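Open your viewer and switch to the cartoon view. We will go from stop to stop, selecting one piece at a time and looking at what surrounds it.

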Amino acid sequence: MMKPFLTTSHGVLYDADCLDVLKRMKPEVIDTVFADPPFNIGKDYKNGYNDKVDRDAYLAWCRTWIHECCRVLKPGGAFFIYATPELAIQFASIMEEKLNFRHWIALTMKGTYPRGKKLYPAHYALLYYTRGTPRVFNKVRLPIEKCRHCGKEIRDYGGHRNKMNAQGVNLTDFWTDTSPNRHAKFKVRPGVNELKLMIPERAILISTQPCDIVLDPFGGGGSTYQAAEKLHRHWIGVELHDSAHIKNRLQESYSLFPVEHEPFQFEDLFDHEDKQNPVLRGIERKDMSARPGTSVS
Ligand SMILES: C[S@@+](CC[C@H](N)C(=O)[O-])C[C@H]1O[C@@H](n2cnc3c(N)ncnc32)[C@H](O)[C@@H]1O
């Protein structure tokens, strides 16, 4: 088994190629996969990563990691991929081979501009598939919208405001509150397109219960891992470059709290052969416990 870069009471992070980690994992051990892959658009991640390779080679690589993620997903598990619409249609056709379509969630994207003979790109896609019937589907509610200035409610819901659920309105497949991305000065790692925490957070809330296991094969700034810690889900993460940024982020948020429950037994996710080998294991466990009592909103 590979030596983790970091373990917390909830999760484990590998500084490795996600395919190396995925291939060592047992089948059907993950409840939700959340993936925000590199888009092959020549982005400078400032870590030496080559984000512009031949398109066919890129799509072939995507097919491999998507299939691997499907393999480790439990029946009823959920798989989310965040992508531009152009890539999302390619990813969706791969996911269709193994999974069941749930939603194409559109997330508004501001601050772009139209290029050439094209419309103004105004959304990203968050593909949401499940392996068969979803094992978990939690209805997420958003607070009723209020005016930022006067604090009064903005809509009267066609005169049916008094019949509304006190906990708010049902989340739709059109998310208008997710843009813009984190401002550069708040990013954990320079150069990374770090998602707003609420994006992986919502995916996790929709599709898991506490202590379920979330996998994100492309760590970046670690948004998914922070969301999982916050919501008391177990997580497994991988980042090919600069994992130290993720460690710092989690340490800042979670290191001061005492461990309140059994640590995540991540070794159980890997093939037995690796697990038995004490040299390959070589794990120095350094628990960073997670924050207790996070509420679901
Ligand atoms: C778009 S970023 C992910 C951002 C992340 N969702 C966040 O909110 O911070 C994609 C990341 O994948 C990493 N990456 C690229 N290829 C990888 C691979 N084969 N295995 C693991 N990570 C990889 C890149 O270094 C980059 O940090």
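Start by selecting Lys74, which lies in strand 4, residues 73-83. Please keep in mind throughout that this is a predicted model. Is Lys74 buried, exposed or partly exposed? Lys74 counts as partly exposed because it has 17 C-beta neighbours inside 10 Å, while a residue needs 20 or more to be buried.

Now show what Lys74 touches. Leaving aside neighbours within four places in sequence, its contacts are Glu28, Val29, Ile30 and Asp31. Add Thr32 to the selection as well: 42 residues separate Thr32 from Lys74 in sequence, yet their C-alpha atoms are 8.3 Å apart in space.

Next, colour the whole of strand 4. Of its 11 residues, 8 are buried, so this strand is mostly covered. Which strands pair with strand 4? One is strand 3, which runs parallel to strand 4 over 5 bridges. To see this pairing, select Ala35 and find Ile81 of strand 4 opposite it. Another partner is strand 6 (residues 123-130), and here the pairing is antiparallel, with 6 bridges. Pick Tyr82, then look for its bridge partner Leu126 in strand 6.

The following stop is helix 5, residues 223-230. Why is this helix largely enclosed by the rest of the structure? It is because 7 of its 8 residues are buried. Select them one by one: Ser223, Thr224, Tyr225, Gln226, Ala227, Ala228 and Glu229. Then bring up the elements that cover these buried residues, which include:

- strand 2 (11-14) and strand 3 (30-35)
- helix 4 (198-207) and helix 6 (243-254)
- strand 10 (213-216) and strand 11 (234-238)

Strand 3 may look familiar, being the parallel partner of strand 4. After helix 5 comes His232, with a positive phi near 60 degrees.

Turn now to the ligand. There are 21 residues around it, and those that come nearest are Asp36, Phe218, Gly220, Gly221 and Ser223. You have already met Ser223 among the buried residues of helix 5. What is the shell around the ligand made of? It divides into 10 nonpolar, 7 polar and 4 charged residues.

Finish by colouring the chain by pLDDT. The chain has a mean of 85, and 82% of its residues reach 70 or more. Last of all, select residues 277-297, where pLDDT stays under 50. For this stretch the model has 42 contacts beyond four places in sequence.

Definitions and conventions:
Residues numbered from 1 in each chain as written. Predicted model: local features only at pLDDT ≥ 70, side-chain atom pairs only at ≥ 80, totals over all residues. pLDDT = per-residue confidence, 0-100. Contact = placed C-beta atoms within 7 Å. Helix = DSSP H or I, 4+ residues; strand = E, 2+ residues; numbered from the N terminus. Buried ≥ 20, exposed ≤ 12 C-beta atoms within 10 Å, placed from the backbone. Near = placed C-beta within 6 Å. Nonpolar A, V, L, I, M, F, W, Y, C, P; charged D, E, K, R; others polar. Pairing = 2+ DSSP bridges.
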